[in-house]
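Reader: Hi! Could you walk me through this structure while I have it open? I'll throw short questions at you as we go.

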Amino acid sequence: MEVFPKKIFSVVHPSKFNFDKSINYHLSINIGYGFIKVCCIEKTTQACLLLAVYALPLDKNHPNYIKSLEQFYNQEFFLIKKNWFSVTLSISNQKFTLIPHLLLSEKDLFTYMHVACGVDPHHEVISFTHAFKKMSVVFSENASVLDWFRKRYTGSNFHIIHQANAIIEGFQIECLHKAELFVWLAEDYLYIVVHKRNLLYCNLFSYKTADDFLGCLSAVVQVRQLERASCTLLVGGLIEKKSLAYRQLKTYIPKTTLKTKIGFFKSNPYVFKASNTSPMLYFDLMSALLCHTHSRV
């Protein structure tokens, strides 16, 4: 039997992260299919001071999932703090849909989800609206898991969003004036965002091979009637310049640029060098702090 949580890595900036100064930090938590990711970002300098990734059970309906969360909080002692500047819980799953804000009705959230992708009986359906995009993301997650986090972070500085919210806000701040298309890759899924003066499209696709990846992008390009020769694309996440996926991508859309850094964070290379990774792998986790008014102070 596997024992969870299992540490993938945990890196803390030894000279800058101070447990007693949590009021100066944004805490971002991202839970998904078998993992939890956490980062602490200093609100003034916007430097990432802590980054941790742990494996969790796959089934959130199983009692062991909550037990593993509790064990994770016992191991990462700083998480018990209450006085963070802000806390954002981000949900990574395929249970979401986008709704124009003016058409959103809170009483119809379950209906939206039922039509879009179905609703698990153990799930709660909630929404988060992008103030500047007039777009809402309706999503669902295990109700017991959400309640567990709500009991630990109370008050107006606690926010629950979907990973799609973080991707959209991150694109708006980081990439809006640089590309019409943005693709962000995780281990077995990817987001595709299309923006022409307004947000036109945002969706998640599963993939296994470079051909799967290119097939998903090709379908979006055709449906949105984008011109491959003139379209500009930024791609980031789990992809390298020497990879087959990137070579195929450059052939398909010549104006493709590989993005490896996050510009809205000031340079703080220690955490990323120590974890042997790059900021764009955690674009979704770090962009979560953009999804509420506290981040703009």
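Author: Happy to. Let's start with a side-chain pair: the side chain of Ser218 makes a polar contact with the side chain of Tyr252, at 3.3 Å. Keep in mind that this is a predicted model.

Reader: Nice. Where does Ser218 sit, and is Ser218 buried or exposed?

Author: Ser218 belongs to helix H5, which covers residues 210–223. Ser218 counts as buried because its relative accessibility is 17%, and the cut-off for buried is under 20%.

Reader: And Leu217, which residues does that one touch?

Author: Leu217 is in helix H5 too. Setting aside residues up to four places away in sequence, Leu217 touches Leu181, Val183, Ile192, Leu233, Leu249, Tyr252 and Ile253. So Tyr252 comes up twice: Leu217 touches Tyr252, and the Ser218 side chain makes a polar contact with the Tyr252 side chain.

Reader: How accessible is Leu217, then?

Author: Leu217 has 0% relative accessibility, so Leu217 counts as buried. There's also a distance for Leu217 and Tyr191: they are 26 residues apart in sequence, and their C-alpha atoms are 9.6 Å apart in space.

Reader: Switching to cysteines. How many disulfides are there?

Author: The count is 0 disulfides.

Reader: Why don't Cys39 and Cys40 form one?

Author: The closest cysteine sulfur to that of Cys40 is in Cys39, but it is 6.9 Å away, so it is too far for a bond. The cut-off for a disulfide is 2.5 Å between the sulfur atoms.

Reader: Got it. What about Cys117?

Author: For Cys117 the closest cysteine sulfur is in Cys202, and at 14 Å that is too far for a bond.

Reader: How do Cys40 and Cys117 come out on accessibility?

Author: Cys40 counts as buried because its relative accessibility is 0%. Cys117 has 27%, so Cys117 counts as partly exposed.

Reader: Back to Cys39, what surrounds it?

Author: Cys39 lies in strand E3 and is buried, with a relative accessible area of 0%. Leaving out neighbours within four places in sequence, Cys39 is in contact with His26, Leu27, Ser28, Cys48, Leu50, Leu51, Leu285 and Met286. Cys39 and Met286 are 247 residues apart in sequence, with their C-alpha atoms 7.3 Å apart.

Reader: Which residues are 166 apart along the chain, and what separates their C-alpha atoms?

Author: Those are Arg247 and Lys81, and their C-alpha atoms are separated by 45 Å. Arg247 lies in helix H6, residues 244–252, and is partly exposed, with a relative accessible area of 45%.

Reader: Now pockets, my favourite. What is the volume of the largest pocket?

Author: The largest pocket holds about 920 Å³ of space.

Reader: What lines it?

Author: There are 32 residues in the lining of the largest pocket, and Gly32, Tyr33, Phe35, Asp188 and Tyr189 lie nearest its centre. By class, that lining has 15 nonpolar, 9 polar and 8 charged residues.

Reader: Which strands supply at least two lining residues each?

Author: They are strands E1 (6–12), E3 (35–42), E4 (48–55), E8 (135–142), E10 (181–185) and E12 (198–206). Cys39, which we just discussed, lies in strand E3.

Reader: What about Thr97, where is it and what is it in contact with?

Author: Thr97 is in strand E6, residues 96–100. With 16% relative accessibility, Thr97 counts as buried. Outside its neighbours within four places in sequence, Thr97 is in contact with Tyr112, Met113, Ala116, Ser136, Val137 and Val138.

Reader: Last topic, backbone. Where is there a cis peptide bond?

Author: A cis peptide bond joins Phe4 and Pro5, with omega about 0 degrees. Pro5 is in the segment before E1. For context, most peptide bonds are trans, and most residues other than glycine have a negative phi.

Reader: Which residues have phi near 55 degrees, then?

Author: Gln225 has phi near 55 degrees, a positive value in a residue other than glycine. Asn276 also has a positive phi near 55 degrees.

Reader: Where are those, and are they buried or exposed?

Author: Gln225 lies in the loop between H5 and strand E13 (233–237), and counts as exposed at 69% relative accessibility. Asn276 is in the loop between helix H7 (269–274) and helix H8 (283–287), and is exposed with a relative accessible area of 72%.

Technical notes:
Residues numbered from 1 in each chain as written. Predicted model: local features only at pLDDT ≥ 70, side-chain atom pairs only at ≥ 80, totals over all residues. Heavy atoms only, no water. Helix = DSSP H or I, 4+ residues; strand = E, 2+ residues; numbered from the N terminus. Buried < 20%, exposed > 50% of the residue type's maximum accessible area, 1.4 Å probe, protein only. Polar contact = N/O pair within 3.5 Å; in protein donor to acceptor, adjacent residues only side chain to side chain. 1 Å grid on protein atoms, 1.4 Å probe; cavity = no way out; pocket = protein on both sides within 12 Å on 5 of 7 lines; lining within 4 Å. Points joined across faces, edges and corners; volume = space filled by probe spheres on them. Nonpolar A, V, L, I, M, F, W, Y, C, P; charged D, E, K, R; others polar. Contact = heavy atoms within 4.5 Å.
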